[in-house]
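Here is a short briefing for a reader new to this structure. Please look over the sequence and the model first.

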Amino acid sequence: MSFEQRGRMPLDYHTAALPGSPLRFRGPISDSLGPCVVCVGGSETFGRFIHAPFASQLDSALPQPVLNLGVVNAGLDVLTNDVAIGSAMAKADAVVLQITSAHNMTNRFYHVHPRRNDRFLKASSMLRTIFPDVDFTEFHFTRHLLSHLHNLSEDRFGIIKTELEAAWVARMRRLIDSIDAPVHLLWLSNKTPDCPAPEGLGGDPLFVSQRMLDAVSEMAASVTIAVPDVVEDADSTKGKFFGPREEAAARLLPGPRIHDRAAAELLNHLS
């Protein structure tokens, strides 16, 4: 059976837990976690729909273990608040920190779920004041909420977007500063950081621009940009493994060739 023929079969991610965390990480995870390279991020780092994500490739290529602590739908709230992730980064020889979206984190306008950062919990009084015409009980996901606000009023939405951008930069800088090991930033996406703003919200990492990346990259040991090349279709399921009704989600995430590029460049920085 060929690789492409198997593309619609779901993967067994062998998820595992770590002490102090309710989250499930991609396994296998070694019982003895000493010094290692720790990869943290969202669905892209986890390697959803990908048989060999970049972290697995690094684990095979480097002499020290590589721990994949990517979490599906994670934003900066998970990366900064989870006890197991914090403990692993404190012991790490190096940390690969994926650039995650700016909208999946609690901010002055709304709160997100502490573990599923894509889940909208409640609006603040400030957001209700700016959008008094919105019934916030109708929304369960941050992207759905923000799409509605954007369509309702681009001017008022601009206030929210500006806050998210500033909060993201501040929290990323605090996170990088809190890590003793060298931090290697990873942009793993179907779009480039300098991609022109689309008419809608755009793809992940949502709202993060080249300017914002520059504001945090000065604190990092390296920056890796892994995106599709000019002949590769970013909106593709080629080489991805997914179950029924997962095709739309699979199309949104980077494919195996982008993970290969990320692994190759990170290997140069980490070797």
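The points below cover the cores, one strand, the cysteines and some backbone features.

This is a predicted model. Its largest nonpolar core has 62 residues. A search of the whole structure finds zero disulfides.

**Nonpolar cores**
- Leu97, Trp168 and Leu185 have the most contacts inside the largest core.
- Helix α7, residues 154–178, gives this core its largest share, nine residues.
- A second, separate core holds 17 residues, including Cys39, Phe54, Ala55 and Ala263.
- Leu185 touches a list of residues distant in sequence by more than four places, among them Leu97, Ile99, Met172 and Ile176.
- Other contacts of Leu185 include Leu213, Val216, Ala220 and Val223.

**Strand β1**
- Strand β1 spans residues 37–41 and is mostly covered, with five of its five residues buried.
- In a regular strand, side chains alternate between the two faces of the sheet.
- In β1, Val37, Cys39 and Gly41 point one way. Val38 and Val40 point the other way.
- Strand β2, residues 66–70, runs parallel to β1, and five bridges join the two. Here Cys39 stands opposite Asn68.
- Strand β3, residues 94–98, also runs parallel to β1, joined by four bridges. Here Val37 stands opposite Ala94.

**Cysteines**
- Why does Cys36 form no bond with the closest cysteine sulfur? That sulfur, in Cys39, is 9.0 Å away, which is too far because a disulfide needs the two sulfurs within 2.5 Å.
- Cys36 counts as buried because its relative accessibility is 5%, under the 20% cut-off.
- Cys195 has 39% relative accessibility, so it counts as partly exposed.

**Backbone features**
- Most residues other than glycine have a negative phi, and most peptide bonds are trans. The cases below depart from that pattern.
- A cis peptide bond joins Gly27 and Pro28, with omega about 0 degrees. Pro28 sits in the segment before β1.
- The bond from Asp204 to Pro205 is cis, with omega near 0 degrees. Pro205 lies in the loop between β6 (183–188) and α8 (210–217).
- Phe49 is not a glycine, yet has a positive phi of about 75 degrees. Phe49 is in the loop between α1 (43–46) and α2 (54–61).
- Is Phe49 buried or exposed? At 1% relative accessibility, Phe49 counts as buried.
- Asn73, not a glycine either, has a positive phi of about 65 degrees. Asn73 is in the loop between β2 and α3 (76–81).

Methods
Residues are numbered from 1 along each chain as its sequence is written. This is a predicted model: local features need pLDDT of at least 70, side-chain atom pairs count only at pLDDT 80 or more; totals for chains, interfaces and linings use all residues. Side-chain values use heavy atoms; hydrogens and water are left out. A nonpolar core is a set of buried Ala, Val, Leu, Ile, Met, Phe, Trp, Tyr and Cys residues joined through side-chain atoms within 4.5 Å. Buried means under 20% relative accessible area, exposed over 50%, partly exposed in between (1.4 Å probe, protein chains only). Contact means heavy atoms within 4.5 Å. Two strands pair if DSSP finds at least two bridges between them.
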